[in-house]
Amino acid sequence: MDKLEKPFEHPIEDRLNLDAFQPPEVGFLVSDYLTAAVSKGVREVRLIHSREMLGDRIEAILDAVERTRGVVSYSMGEMGEGGWYGETIVILSIEEHAQ
């Protein structure tokens, strides 16, 4: 699949809950969302994913984060923040937004 099957309309905020999306959609959704967040000047995005999002799903999320222009860094949430099994915190470039 090269893109989402249906257009995705969602307000660009500092968090995105991925639980409702199918595994093939997750990678494209994350990349598109982070790109839009950079263009809006959002500095940090928390990608929320459940414990069931392991294996291919978490790999798709991390691959999308790594290939998205404007991502400065990312980490798994600490205990109490969702941790490895629930949240990925992505830091975005404010310089990309300024260009």
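The following legends describe close-up views of a predicted model.

**View 1. The largest nonpolar core of the predicted model.** This core comprises 21 residues, and those with the most contacts inside it are Leu18, Val30, Val45, Leu47 and Ile61. Two or more residues each are supplied by helix H1 (23-39), strand S2 (44-48), helix H2 (56-67) and strand S4 (87-92). The greatest contribution comes from H1, which gives seven residues.

**View 2. Surroundings of valine 45 in strand S2.** Valine 45 has a relative accessible area of 0% and is therefore buried, the cut-off being under 20%. Beyond its neighbours within four places in sequence, valine 45 is in contact with Glu13, Asp14, Arg15, Tyr33, Leu34, Ala37, Thr88, Ile89, Val90 and Leu92. One of these partners, valine 90, lies 45 residues away along the chain, yet the C-alpha atoms of valine 45 and valine 90 are separated by 5.2 Å.

**View 3. Helix H2 and its span.** H2 has 12 residues, which at 1.5 Å a residue should span 16 Å. The end C-alpha atoms of H2 are 16 Å apart, in agreement with that expectation.

**View 4. The buried and exposed sides of helix H2.** Arg57, Ile58, Ile61, Leu62, Ala64 and Val65 are the buried residues of H2. Because they cover an arc of only 160 degrees around the axis, they lie on the same side of H2. An α-helix has 3.6 residues a turn, so residues three or four places apart point the same way. Asp56 and Glu66, on the other side of H2, are exposed. The buried residues of H2 pack against H1, S2, strand S3 (71-76) and S4.

How values were computed: Residues are numbered from 1 along each chain as its sequence is written. This is a predicted model: local features need pLDDT of at least 70, side-chain atom pairs count only at pLDDT 80 or more; totals for chains, interfaces and linings use all residues. Side-chain values use heavy atoms; hydrogens and water are left out. A nonpolar core is a set of buried Ala, Val, Leu, Ile, Met, Phe, Trp, Tyr and Cys residues joined through side-chain atoms within 4.5 Å. Buried means under 20% relative accessible area, exposed over 50%, partly exposed in between (1.4 Å probe, protein chains only). Helices (H or I, at least four residues) and strands (E, at least two) are DSSP runs, numbered from the N terminus. Contact means heavy atoms within 4.5 Å. The expected span of a helix is 1.5 Å times one less than its number of residues. The arc is that of the directions from the helix axis to the C-beta atoms.
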